[in-house]
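Here are my notes on this one, set out as numbered points. Have the model open while you read.

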Amino acid sequence: MISEEYFYAIALRECSQIGDIHFHKLVHTFGSAQEAWKRAKKEYKKLEGIGQKTVSDIGNNNHLEFAEEEINFCEKNNIQIRLKHLRETPLLLNECNDAPAILYQKGKIDDTLSKVSIVGTRNMTGYGQKFIEDFFEATQSSRYTSVSGLALGVDKEVHEQSILHRKPTVAVLAHGFQYLYPSKNRKLSEKILEEGGTLITEFSSSQKPDRENFIQRNRIVAGMSPATIVVETGFGGGSVSTAAFANDYNRDVFALPGKITDLCSQGCN
């Protein structure tokens, strides 16, 4: 049975003005999500940088109903709910000030293993594919977990090579667990779990794979690992945002260089 803290954490995070940073402030001030839910509206002056408007939606019964439905969905579908303030989310990700307050997780993450995030374009070339194959071949004797975003192209190749070389892999989703995007990767997602890997998302179960979610997702990919490798990306590709997040988190960023005439190498170069 999931405890009440998870129930109130989901309800609190669902409030219209409460993002991850405000959530952390509330929990830090009041000691728990449950206490924040009960006290924040009356005692908001205790909160630095948070005004009455920000806490106005706290206490809304609709969010409690949403939380109850969410917990029921998770229990039926073997989804674990991980709370940052209870130190249940990946250790390195916890260091990031904008880390998700809540993660929904299928499978297990071995936090004792080092992690490497590998990202890149959906339009991967043979050059990028060969690099990924060579990388996993060269690191065969090392113990680590790969992290990527379950997109087509580079992400898909990373997860597949991880499975082939018996490395655990974490796929970070840009939507809730009612969906699987892209649908072409459904079998791959099942294989990841079968082989001891993990699917995680910060999005509640009914959240669709909206465009803006993918950039938001990228900060988790970057935050989970001490190093991020960008294999191939265009000048304005989404992987550039992952590299920027990793750099902001003071993590190592590596890029595979390519010809100046190759569109898929523009971002890396």
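1. Start with Ser265 and its contacts: leaving aside residues up to four places away in sequence, Ser265 touches Thr233, Gly258 and Lys259. Bear in mind that this is a predicted model. As for where to look, Ser265 sits in the segment after strand 8 (252-255). Is Ser265 buried or exposed? Its relative accessibility is 0%, so Ser265 counts as buried, the cut-off for that being under 20%.

2. Next, the length of helix 7 (residues 126-138). With 13 residues at 1.5 Å a residue, helix 7 should span 18 Å, and its end C-alpha atoms are indeed 18 Å apart, so the two agree.

3. Which residues of helix 7 are buried? They are Gly128, Ile132, Phe135 and Phe136. These cover an arc of only 90° around the axis, which means that they lie on the same side of helix 7. The general rule behind such a pattern is that an α-helix has 3.6 residues a turn, so residues three or four places apart point the same way.

4. What do those buried residues of helix 7 pack against? Their partners are strand 3 (114-119), strand 4 (144-148), helix 8 (154-164) and strand 7 (227-230). Turn to the face of helix 7 that points away from the buried side and you'll find the exposed residues Gly126, Glu137 and Ala138.

5. On to the pockets. The largest one has a volume of about 420 Å³. It is lined by 22 residues, and the closest to its centre are Arg122, Asn218, Gly237, Gly238 and Ser239. Helix 10 (211-223) and helix 11 (238-248) each supply at least two residues of this lining, with helix 10 giving the most, at six residues. Sorted by class, the lining of the largest pocket comes out as eleven polar, seven nonpolar and four charged residues.

6. The second largest pocket holds about 320 Å³ of space. Of the 16 residues that line it, Arg13, Glu14, Glu202, Phe203 and Ser204 lie nearest its centre. Two or more lining residues come from each of helix 1 (4-14), strand 2 (102-107) and helix 10. The class split for the second largest pocket is seven nonpolar, five charged and four polar.

7. One thing to check on screen is helix 10, which gives six residues to the lining of the largest pocket and is also among the elements that give two or more to the lining of the second largest.

Notes: Residues numbered from 1 in each chain as written. Predicted model: local features only at pLDDT ≥ 70, side-chain atom pairs only at ≥ 80, totals over all residues. Heavy atoms only, no water. 1 Å grid on protein atoms, 1.4 Å probe; cavity = no way out; pocket = protein on both sides within 12 Å on 5 of 7 lines; lining within 4 Å. Points joined across faces, edges and corners; volume = space filled by probe spheres on them. Helix = DSSP H or I, 4+ residues; strand = E, 2+ residues; numbered from the N terminus. Nonpolar A, V, L, I, M, F, W, Y, C, P; charged D, E, K, R; others polar. Buried < 20%, exposed > 50% of the residue type's maximum accessible area, 1.4 Å probe, protein only. Contact = heavy atoms within 4.5 Å. Expected span 1.5 Å × (residues − 1). Arc of directions from axis to C-beta.
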